[in-house]
Amino acid sequence: MRHTKVKDLLNSTKTLQEVTAKGWVRTFRNNQFIALNDGSTIHNIQCVVDFENTPEATLKRITTGAAIAVTGELVESQGAGQKYEIQVKKLEILGDSDAEKFPMQPKKHSLEFLRENAHLRVRTNAFGAIMRVRSVLSFAVHQYFQQKGFVYVNTPIITGSDAEGAGEMFQVSALPFDNTPRTEDGKIDFKQDFFGKQTNLTVSGQLEAETYAMALGQVYTFGPTFRAENSNTSRHLAEFWMIEPEVAFNDLADNMDLAEDFIKYVIKYAVDNCADDLKFLEGRLLDEEKSKPQAERSEMALLEKLNFVLENNFKRVSYTEAIDILKDSTPNKKKKFQYLIEEWGADLQSEHERFLVEKHFKSPVILFDYPAKIKAFYMRLNDNTEPGKETVRAMDILFPGIGEIVGGSQREERLDVLIEKMKVLGIEEEELWWYLDTRRFGTAVHSGFGLGFERLVLFVTGMGNIRDVIPFPRTPQNAEF
Ligand code: ATP
Ligand code: MN
């Protein structure tokens with residue numbers, strides 16, 4: 001008999017004579033009540049075993065983690081907590097699970113322990129919920145852009161341009177590690193390497209996406225991105241997924257509008273389509289926060305926080321205004337910041353970003369018009385800025401509890417200004433000849449941004465560590481699984 005998903009059984013509108021469910025045992029109580037989960041929903045279905053007519057040997061094999069199939073009648077449940085349950089008529093053990101050895105015991109495990117068992121942690125309520133929410137969010141990303149007529153572009157994962165400057169790169173090579181071919185002056189001879197040149201894993205698909213925006217108008221990427229940054233933080237992965245829209249004829253204001261509309265759309269989509277999972281994750285967060293001192297607990301519960309973001313405009317604040325706020329702030333005056341803000345031009349650290357978002361504005365913030373010196377070469381130089389105080393049309397979106405979730409800009413569309421900037425930074429023109437062609441042939445105002453998908457998933461699920469919102473995290477010293 002075909003089996004029915006647990007989710008559909010629980011959502012049934014009537015009792016059913018005979019149904020089959022397949023899944024994994026979460027718990028087995030009183031030799032009678034199986035809580036069965038198949039991953040289709042956070043909820044388990046209760047399967048009531050007729051233990052008097054079930055062989056003792058079979059009952060013993062109904063253990064946490066075992067895969068089973070049950071067939072029986074779907075009846076209204078007498079017990080609290082569920083509308084329907086299965087009165088089991090036939091039970092088959094599909095795969096045993098040694099209760100002594102199965103690591104996912106029906107008790108609370110630390111997140112650290114679960115990370116070490118990333119292949120099994122998805123069998124817990126929390127990780128099942130997180131991964132379903134992640135999946136729904138990625139669908140919403142495509143839905144949003146596709147509905148608006150954006151073209152999905154797959155930019156290369158192995159790249160030959162080393163001028164992007166977005167972060168430390170992983171090198172890609174097919175050369176042997178020992179006996180590496182060398183040039184006469186002793187350097188590694190990449191001419192003999194697979195691609196005949198030095199290559200890396202991409203840190204961003206932006207430059208390639210820009211070339212496509214200059215033909216297709218509105219494009220987006222959604223793919224893996226790699227950064228060999230040795231920052232062991234709860235916000236950085238060595239391998240993460242980035243969404244990078246790029247739009248011809250959009251200026252910085254349009255870019256901000258797009259980013260805000262997009263983020264709200266995908267969050268709303270998750271709120272509307274992941275109600276059970278988000279409710280569970282809200283409870284998990286409340287529980288976790290009980291162990292924190294009052295001052296460190298969030299002011300809002302998870303769903304309230306998500307709705308707050310949906311209902312309020314992101315605050316748009318220029319870098320210059322932000323510096324003034326930070327200079328006058330209590331933590332700056334009392335020297336509580338690790339990096340004190342003394343003058344215009346300072347790069348903002350996450351402590352500053354978090355102060356602005358969490359303490360000052362208490363809302364998502366879009367910071368824009370940053371000093372040119374601290375931003376990438378391709379960002380549009382603002383007209384009419386004082387010498388020494390040049391700014392570029394950059395924007396970062398900062399989120400409570402997350403910090404930077406989006407980094408973007410209007411791009412420098414003027415060939416001469418772009419080349420001059422590259423010269424100053426020592427970026428070879430030959431290296432980016434193809435990129436410069438976009439400015440040579442039919443250049444136009446255009447803008448885009450990058451959103452780190454895992455940071456979005458962090459925010460929506462209320463989790464605190466980025467390692468817990470991607471199935472198999474890649475971080476310094478960790479590439480297990
Ligand atoms: P941060 O200052 O947080 O390191 P960044 O300035 O290096 O970020 P960008 O180069 O602008 O970030 O990348 C765009 C987006 O990609 C960021 O806003 C963030 O959401 C995400 N991101 C960047 N680096 C990482 C990482 N190592 N792991 C996960 N997401 C990242
Ligand atoms: Mn970074």
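Is Lys148 buried, partly exposed or exposed? I began my notebook with this residue, and I noted at the outset that the model is predicted. Lys148 has a relative accessible area of 41%, and I therefore entered it as partly exposed, since that class lies between the limits of 20% and 50%.

**Entry on Lys148 and Asp261**

I then looked up the partner of Lys148 and found that its side chain meets that of Asp261 in a salt bridge, at 3.8 Å from N to O. The pair links distant parts of the chain, with Lys148 in the loop between helix 4 and strand 6 (151-152) and Asp261 in helix 6 (residues 252-273), 113 residues apart. Asp261 I also wrote down as partly exposed, because its relative accessibility is 37%.

**Entry on other salt bridges**

I searched the whole structure and obtained 29 salt bridges. One of them joins Asp468 to Arg121, where the closest N and O atoms are 3.2 Å apart. Asp468 lies in the segment after helix 14 and Arg121 in the loop between helix 3 (111-116) and helix 4 (125-147), so this pair ties together parts that are 347 residues apart in sequence. I checked the cover of both residues, and Asp468 and Arg121 are each buried.

I next turned to Arg414 and Glu412, whose side chains meet in a salt bridge at 2.7 Å, N to O. Arg414 is partly exposed at a relative accessible area of 24%, whereas Glu412 is buried at 1%. Following shared partners, I found that salt bridges join Arg380, Asp383, Glu412, Glu413 and Arg414 into one network.

**Entry on ligand 1**

Which residues come nearest to ligand 1? I listed 15 residues around the ligand, and of these Glu229, His236, Glu404, Ile405 and Arg455 come nearest. By kind, the shell around ligand 1 divides into 6 nonpolar, 4 polar and 5 charged residues. Strand 11 (239-248), strand 15 (403-410) and strand 16 (446-452) each supply at least two residues of this shell, and strand 15 gives the most, with 4 residues.

I looked up the polar contacts of ligand 1 as well. An N or O atom in the side chain of Glu229 is 2.5 Å from a nitrogen atom of the ligand, while a polar side-chain atom of His236 lies 2.7 Å from an oxygen atom of ligand 1. With Leu237 the backbone takes part, one of its N or O atoms lying 2.9 Å from a nitrogen atom of ligand 1. Ligand 1 taken alone exposes 580 Å², and the protein buries 80% of that.

**Entry on helix 14**

I went through helix 14 (residues 453-461) and found it mostly covered, with 9 of its 9 residues buried. Among these buried residues are Phe453, Arg455 and Phe459. After the helix comes Gly462, for which I noted a positive phi, near 75°.

**Entry on Thr63 and a surface patch**

I located Thr63 in the loop between helix 2 (56-60) and strand 4 (67-76), and I counted Thr63 as buried because its relative accessibility is 14%. A polar atom of the Thr63 side chain lies 2.6 Å from the backbone oxygen of Ser97.

Finally, I looked at the surface, where Ile157, Ile158, Phe194 and Phe195 form a nonpolar patch with about 400 Å² of accessible area together. Ile158 is found in strand 7 (residues 158-159), and with a relative accessible area of 38% Ile158 is partly exposed.

Note on methods: Residues numbered from 1 in each chain as written. Chains lettered and ligands numbered in written order. Predicted model: local features only at pLDDT ≥ 70, side-chain atom pairs only at ≥ 80, totals over all residues. Heavy atoms only, no water. Patch = residues over 30% accessible without salt bridge, like charges linked within 9 Å, V, L, I, M, F, W, Y side chains within 5 Å. Areas by Shrake-Rupley, 256 points an atom, 1.4 Å probe, with all protein chains shown as cover. Salt bridge = Lys/Arg side-chain N within 4 Å of Asp/Glu carboxyl O. Buried < 20%, exposed > 50% of the residue type's maximum accessible area, 1.4 Å probe, protein only. Near = heavy atom within 4 Å. Polar contact = N/O pair within 3.5 Å; in protein donor to acceptor, adjacent residues only side chain to side chain. Nonpolar A, V, L, I, M, F, W, Y, C, P; charged D, E, K, R; others polar.
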